[in-house]
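This report describes a model of two protein chains for a reader who is new to structures. Please look at the sequence and the 3D view before reading on.

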Amino acid sequence: MRNTFINKLTELAAIHKNVWLIAGDLGYSVLDGFAERYPTRFVNAGVAEQNMTGLAAGLAMEGAKPFTYSIANFPTFRCLEQIRNDVCYHNLDVRVVSVGAGLSYGTHGYTHYGIEDIAIMRPLPNMAILCPADPKEAVRCAEISLAHTGPMYIRLGKNGEPDMHHAQCSFTLGEPLELLRGTDATILSTGSIGYTGLQAAQSLRASGWDVGFISLPTLRPLNVGRLHTLLGSCRRLFTLEEHVEAGGLFSLICEISQREELGYRITPLCVPHDLPCLGNQGFLLQALGLDAAGIAQRISAQLT
Amino acid sequence: MNELQTEHYRALASRIRANCVRMVAKANASHIGSSLSCVDILAYLYGGWLSIQPGEPKWVERDRFLMSKGHGAAALYATLAEVGFFQKDWLESYCCNGGKLAGHATHKSAPGVELSTGALGHALPVGVGMALHAKTSGRSHKIVCLISDGECDEGSNWEAFLFAPAKKLGNLVVIIDYNKIQSYGRIDEVIPLEPLADKLRAMRWDVREVDGHDFGSIHGGLSAFDASGNVPTCIIAHTIKGKGVSFMEDSLAWHYKSPNEAQLQTALDEIGER
């Protein structure tokens, strides 16, 4: 997903000549193509995320569309005030790209887990939030990121996520994507755990549960009316995300349900702070009951 | 600099100072000491050194001035009003309910404010981005960033201090308002900056030390600046917190206090603008 996104961005930067890529001394072999094709629009800002984000704001004030790029929490938490004040308050065309969403950097340990990032990006003024699930969603996110005006956070997986969609995506910003319609329950999923969630839904359907699956590549803005329409009469929801419960997809859907008086019953499938073991992404998700079998089992138990 | 020019800057600075103390007194606001220490620098910059068009604040060829020490907003607003970015009666509701001008520099309602600041250590990285863009696109305007001495504690500034020479940003000027007092003590007691000039020279900046209240000295420090060069410039401006009002000078207390009516009148007498 990461490579697909960067490749698409590199392709589009030939047309969009105001695109800059600002790396936080990361991206070896991933960003080389962009750097070679557009040397004046590629900057390695060094291990200095505050300056990286501030200078991106300065570039954007002059009409550029800079993408900052680093791992998980480095381009977000480390420079949060620059994102809040310099980028978001001034409503600038800066894209913050975080690579290694969720538990992508599993064996690297907690410092590299991006599991609270959605929560800190959601309240910021003007900030759009994109969390693609697979390479096809990532390509569409790259296209949307160039068409959109204003700050944007883009959260990418990096472990060779399989295609969840068969065809190229053409969704608009905020549009929920229905892959399966169900009446017993629906899984709402964001980010690279989507493919696993879809497998779980298919497994549940094979067991007789009419479970739907909706992918949310955009968390902000979110087309709530479209989501409500897709859900039809289904009021039993499971939110699926590689993120902690607070402030992520679960929180978002709970807020919408209460505010719009939609009456959804929502169960979170998310990541705790205390992980039971060390391991790669797949190993950790399995240990947390967030592999396809675990998700199916947990939903089945709730529906029974 | 001839006598006539000096008098132009001195008169401008006096009007800015007087409005600063009036604004802070009326609003019962803080930071008068921080505002007064940089008034002469602002008077020199806006009195002629910056290429600007107050009637067209976003004129694309303008020099960019970033007020990183956003708590010195009273001085910035008073300066912008003096040179015509907005009407002077806006100053009367500075930091007041319903007013246009917030206690820290805010771009949304004040034409001429390039960047909203107040959280310290923000403007220099933004200025670096502006300078990088101008250099890359072959444009000749300069980027000037005024930072405080206490603000030099912020790591973000040192990230930018490292980065700017690496990218040969000769179109960037940082002016440090070195009044020797930060929020909760003297610089030398909190985190000493010395030898500040040596530090920045070692980081490949062209460093000039000036008297930040002497227009000839400020002029001399900036006279060699060449935006087409390859070395960023740092002006260390030695200043006095509260400069121009004797009882406010070199005092930590006037980082926070606001003058009462009697103190305001005394201040205006000393400034010569009553």
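A:Ser29 counts as exposed, because there are 7 C-beta neighbours inside 10 Å of this residue and 12 or fewer is the cut-off for exposed. The residue is found in the loop between β1 (19–23) and α2 (32–37) of chain A. A:Ser29 is not a glycine, yet its phi is positive, at about 75°. The model is a predicted one, and every value here is computed from it.

Chain B offers a similar item. B:Lys180, a residue other than glycine, has a positive phi near 75°. Its place is in the loop between β3 (172–178) and β4 (181–182) of chain B. Is B:Lys180 buried or exposed? B:Lys180 has 16 C-beta neighbours inside 10 Å and therefore counts as partly exposed.

**The two chains**

The table lists overall values for each chain.

| Chain | Helices and strands | Span of the C-alpha trace | Buried residues |
|---|---|---|---|
| Chain A | 11 helices, 12 strands | about 60 × 40 × 35 Å | 54% of 304 residues |
| Chain B | 10 helices, seven strands | about 50 × 45 × 40 Å | 52% of 274 residues |

Chain A has a radius of gyration of 19 Å, and the globule rule gives 19 Å for 304 residues, so chain A is as compact as a globular protein of that length. For chain B the radius of gyration is 17 Å, which agrees with the value near 19 Å for a compact globule of 274 residues.

Contacts also link distant parts of each sequence. In chain A, 78% of the contacts with a separation of 6 or more are between residues 24 or more positions apart. In chain B, 75% of the contacts between residues at least 6 apart join residues at least 24 apart.

**Where the chains meet**

How many residues of chain A are in contact with chain B? There are 21, and they touch 18 residues of chain B. On the side of chain A, the elements that give two or more residues are α3 (49–61) and α4 (80–88). The largest share, nine residues, comes from α3(A). By type, this side of chain A has nine nonpolar, nine polar and three charged residues.

Across the interface, the axis of α3(A) comes within 6 Å of the axis of α5 (residues 123–136) of chain B, and the two cross at roughly 50°. The two helices are therefore oblique to each other. The crossing of α3(A) past α5(B) is right-handed. Residues of α3(A) in this contact include A:Gln50, A:Gly54, A:Leu55 and A:Met61, and those of α5(B) include B:Pro125, B:Val128, B:Met130 and B:His133. The contact of these two helices holds 10 nonpolar residues, seven polar ones and no charged ones.

**A helix inside chain A**

Helix α9 (residues 249–259) of chain A has these buried residues: A:Leu249, A:Phe250, A:Ser251, A:Leu252 and A:Ile253. They pack against four strands of chain A, namely β8 (185–189), β10 (218–220), β11 (236–240) and β12 (265–269). Just after α9(A) comes A:Glu261, with a positive phi of about 55°.

**Cis peptide bonds**

In chain A, the peptide bond from A:Arg220 to A:Pro221 is cis, with omega near 0°. A:Pro221 lies in the loop between β10 and α8 (224–231) of chain A. In chain B, the bond from B:Glu194 to B:Pro195 is cis, with omega near -5°. B:Pro195 has its place in the loop between α7 (187–190) and α8 (196–202) of chain B.

Terms used:
Residues are numbered from 1 along each chain as its sequence is written. Chains are lettered from A and ligands numbered from 1 in the order in which they are written. This is a predicted model: local features need pLDDT of at least 70, side-chain atom pairs count only at pLDDT 80 or more; totals for chains, interfaces and linings use all residues. The radius of gyration is taken over C-alpha atoms; the globule rule is 2.2 Å times the number of residues to the power 0.38. A residue is buried if 20 or more other C-beta atoms lie within 10 Å of its own, exposed if 12 or fewer, and partly exposed in between; C-beta atoms are placed from the backbone. Two residues are in contact if their C-beta atoms, placed from the backbone, lie within 7 Å. Ala, Val, Leu, Ile, Met, Phe, Trp, Tyr, Cys and Pro count as nonpolar, Asp, Glu, Lys and Arg as charged, and the others, Gly among them, as polar. Axes are lines fitted to C-alpha atoms, for helices over the stretch in contact, and angles run from 0 to 180 degrees between N-to-C directions. Angles under 35 degrees count as roughly parallel, over 145 as roughly antiparallel, 65 to 115 as roughly perpendicular and the rest as oblique. A crossing is left-handed if the near helix is turned anticlockwise from the far one by less than a right angle, and right-handed if clockwise.
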